[in-house]
Amino acid sequence: MKRTGAQIIWECLVREGVRTVFGYPGGAILPAYDAMLDYPIRHVLVRHEQGATHMADGFARAGGGVGVVIATSGPGATNLVTGIATAQMDSTTVVCIAGQVPSRLIGYVAFQETDITGITLPITKHNYLVTRVDDIMPAIREALYLAQSGRPGPVLVDITKDAQQASTEWAWDGRPIQLRKQRSRLASIGGSLERAADLVRNARKPVILAGQGVLQSGAYSELRAFAELTDTPVALTLLGLGTFPASHPLNLGMMGMHGEAWVNHAIQEADLLLAFGMRFDDRVTGNTRTYAPQAKKIHIDIDPSEINKNVAADVGIIGDLRETLRDLLEIVERADHAPWLAYISAMKGDTAVRDIQGMPDDGHLYAAHVIHDIWRVTEGRALVVTDVGQHQMWEAQYYRHELPRSLITSGGLGTMGFGLPAAIGAKLAKPDSEVWAIVGDGGFQMTQAELTTAAQEGVKVNVAIINNGYLGMVRQWQEFFYERRYAATPLRSPDFVKIAEAHGLTGLRADKRSQVRDRVQAARDAEGTVVIDFRVEQEDSVYPMVPAGADLHAMIRRPSTSLGAGPQPSVLAETAADLV
Ligand SMILES: Cc1cc2nc3c(=O)[nH]c(=O)nc-3n(C[C@H](O)[C@H](O)[C@H](O)COP(=O)(O)OP(=O)(O)OC[C@H]3O[C@@H](n4cnc5c(N)ncnc54)[C@H](O)[C@@H]3O)c2cc1C
Ligand SMILES: Cc1ncc(C[n+]2csc(CCOP(=O)(O)OP(=O)(O)O)c2C)c(N)n1
Ligand SMILES: [Mg+2]
């Protein structure tokens, strides 16, 4: 049958199961937009192309499929960059389709010409410049395949306007994509699965480090079976939260810079670390020279480049985590680590006395209260999307995630402005889920325009703005490491209630703890998107904190006697500002 390039784009997307795309039109992509009207596609018109990339990212992370973005050339394409980099750093499945100037004009500084394949080369898993109509189908099919295979990641397809306009004799090719041969377990480094089983057998103080790879391989039940059989406690990365239930007795909580103190101490004292689908990010390890010094390390990752990159592995197994764990489960033995688990548990008491939740009510509203109450009222079953900053860390600490894909957050790039659009995308992927965006006053304002998208599209998300009047996480670093010199961090905001109302949405406010649950319930009951302005304590800090580059055990702890006071002087002395 005869098809234009523009039609082939949609033929391919629709046949591959895509029904929702996020985008913004313009000249170079107009043929594709025109053809779109004839296909069963829901197009979400964003207010800025960055919003489209985060929506697609949230859509993919929530639903487990692929998120598709469509944009025009030049400024449309360059506006995608931050979202693509965000997806690349967190290995998420985003496919961007951009229009490009006609092929005969490429290289002539044509109107709205940018070399977007050149620009995005380092931040995509792969990208294509398509100048011929016959190359559109293979490019789109490969892009969808590549984004989702192996270690996932974003792919960009740049299609010239003339390729979209040209016609060709076309037939659907549904054969499986054949690229490099994929095997479930490619190789092991430093020893075999049997050697890993030996290390597990001999360990007295083991800790599992579970990361986003658990989610990406769907290894939830294998992880649980492994932890239970070998009686091994599980620490989670930020992106691993939810892959092992928070209520499970073997769940330790989050590790790393803002991880719980007992988790970091357990890692430092462990004799075996089992790294499952996590990449030893510097926020996880602190100083790698002093990281878990007594521990043997088993690292399972699908990406060979991750093994021995940040932390040396005694046994490195390259392959899909789920399949590898299934094999490992057949050869490991039942173990009992009661003394080790009791030892870790005993460390929790010290944290409890420092927990802001247990401190006397001083009449102020703390972010921890807000997040704890959102968790309580939603019974831990909401799908939470965060922005980046202090509120993101408090969310990780105080919202106890029971379910996989119940937390969506920008970990690797730490992209402010991610939260609201990603929440809109998540809701579109999971319309039956209760979606909360927990955002800061700063990050919300970066992509606030997407509130208009939520209103136009009739998408309901509940937005909790943790409004502390500061770029809080940066203020915290200034408090700890720059003598409280608050350069460019005090933040004025508009009236968020009125902003919501200006969209015909509901706006609510709370500044006392007693109001929080009511407001949260009111948001759940209301139709349409609701924005709640939580006016929280302005100068609270996230504890514990491992200063960037410091030893994992050198945590700044919340003082147990007074609220909101800064770090203890003894710790500060060890914390040279040049580590930041
Ligand atoms: C303000 C801020 C503070 C932060 N503080 C912390 C903190 O305290 N603690 C913390 O943990 N993080 C923190 N982070 C996040 C941190 O920067 C990293 O994003 C995070 O630690 C990465 O987690 P990960 O390694 O599990 O996920 P990823 O970076 O997604 O890595 C996943 C790994 O799994 C592998 N993988 C993928 N699919 C498979 C498969 N099928 N089989 C096997 N392996 C697979 C990948 O190759 C990759 O190596 C913070 C971020 C911000 C913005
Ligand atoms: C796009 C972008 N710019 C700058 C930063 C650096 N940064 C990290 S956290 C933060 C402050 C965030 O403030 P806010 O959104 O109010 O959240 P809070 O920390 O107060 O909870 C900044 C500026 C970033 N992560 N992303
Ligand atoms: Mg703030």
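Biologist: Which residues of α12 are buried?

Modeller: Keep in mind that we're looking at a predicted model. Helix α12 runs over residues 261–269 and is mostly covered, with 7 of its 9 residues buried. Buried here means under 20% relative accessible area. The ones that make the list are Ala261, Trp262, Val263, Asn264, Ala266, Ile267 and Gln268.

Biologist: OK, on to strands. Why is strand β7 largely enclosed by the rest of the structure?

Modeller: Look at both faces of the strand. Val155, Val157 and Ile159 point one way from β7, while Leu156, Asp158 and Thr160 point the other way, and all are buried. So β7 (residues 155–160) is largely enclosed because of its count of buried residues: 6 of the 6.

Biologist: And in β7, which residue is the bridge partner of Ala98?

Modeller: Start with the strands. Strand β5 covers residues 94–100 and runs parallel to β7, with 6 bridges joining them. In β7, the partner that Ala98 bridges to is Asp158.

Biologist: Strand β6 joins β7 as well, so to speak. In β7, which residue is the bridge partner of Val130?

Modeller: Strand β6 takes in residues 126–130, and 5 bridges join this strand to β7 in a parallel run. For Val130, the bridge partner in β7 is Ile159.

Biologist: Now strand β15. Which residue stands opposite Ile317?

Modeller: First, β15 spans residues 315–319, and 5 of its 5 residues are buried. Val315, Ile317 and Gly319 point one way, with Gly316 and Ile318 pointing the other way. The strand pairs in the parallel sense with β14 (residues 296–301) over 4 bridges. Opposite Ile317 you'll find Ile300.

Biologist: Let's try the open sheet of 6 strands. Which are its edge strands?

Modeller: Read the order across: β17-β16-β18-β19-β21-β20, with parallel pairing. An edge strand pairs on one side only, and that fits the strands at residues 407–408 and 506–510. Those are β17 and β20.

Biologist: In β21, what is the bridge partner of Gly507?

Modeller: Strand β21 is made of residues 530–535, and β20 pairs with β21 in the parallel sense over 5 bridges. The bridge partner of Gly507 in β21 is Val531.

Biologist: Time for the ligands. How much of the area that ligand 1 exposes when taken alone does the protein bury?

Modeller: There are 36 residues around ligand 1, and Gln212, Thr237, Met255, Arg279 and Asp301 come nearest. Backbone N or O atoms also reach its oxygen atoms: one of His258 lies 2.8 Å from an oxygen, and one of Gly411 lies 3.1 Å from an oxygen. Taken alone, ligand 1 exposes 990 Å², and the part of it that the protein buries is 97%.

Biologist: Which element gives the most to the shell around ligand 1?

Modeller: By residue type, the shell splits into 11 nonpolar, 16 polar and 9 charged. The elements that give two or more residues are α10 (212–217), α13 (282–285) and α17 (390–398). The one giving the most, with 4 residues, is α10.

Biologist: What about ligand 2: how much of its accessible area does the protein cover?

Modeller: Among the 17 residues around ligand 2, those that come nearest are Gln390, Gly414, Asp441, Gly443 and Gly472. A polar backbone atom of Gln390 is 2.8 Å from an oxygen atom of ligand 2, and a backbone N or O atom of Gly414 lies 2.8 Å from a nitrogen atom of the ligand. On its own, ligand 2 has 590 Å² of accessible area, and the protein covers 76%.

Biologist: And which element gives the most to the shell around ligand 2?

Modeller: This shell divides into 7 nonpolar, 9 polar and 1 charged. At least two residues each come from α17, α19 (441–446) and α21 (472–481). The one that gives the most, with 4 residues, is α19.

Biologist: Last one. What spacing do the donors of the magnesium ion (ligand 3) follow along the chain?

Modeller: The ion is coordinated by Asp441 (OD), Asn468 (OD1) and Tyr470 (O), at 2.0 to 2.1 Å. Both Asn468 and Tyr470 are buried, and a polar side-chain atom of Asn468 also lies 2.9 Å from an oxygen atom of ligand 2. Along the chain, the magnesium donors follow the spacing D-x26-N-x1-Y.

How values were computed. Residues are numbered from 1 along each chain as its sequence is written. Chains are lettered from A and ligands numbered from 1 in the order in which they are written. This is a predicted model: local features need pLDDT of at least 70, side-chain atom pairs count only at pLDDT 80 or more; totals for chains, interfaces and linings use all residues. Side-chain values use heavy atoms; hydrogens and water are left out. Two strands pair if DSSP finds at least two bridges between them. A residue is near a molecule or strand if one of its heavy atoms lies within 4 Å of it. A polar contact is a pair of N or O atoms within 3.5 Å; within protein, one must be able to donate a hydrogen and the other to accept it, and residues adjacent in sequence count only if both atoms are side-chain atoms. Accessible areas come from the Shrake-Rupley method with a 1.4 Å probe; for residues, only the protein chains shown count as cover. Ala, Val, Leu, Ile, Met, Phe, Trp, Tyr, Cys and Pro count as nonpolar, Asp, Glu, Lys and Arg as charged, and the others, Gly among them, as polar. Donors are N, O and S atoms within 2.8 Å of the metal (3.2 Å for Na, K and Ca); water is not among the atoms, so sites may look incomplete. Buried means under 20% relative accessible area, exposed over 50%, partly exposed in between (1.4 Å probe, protein chains only).
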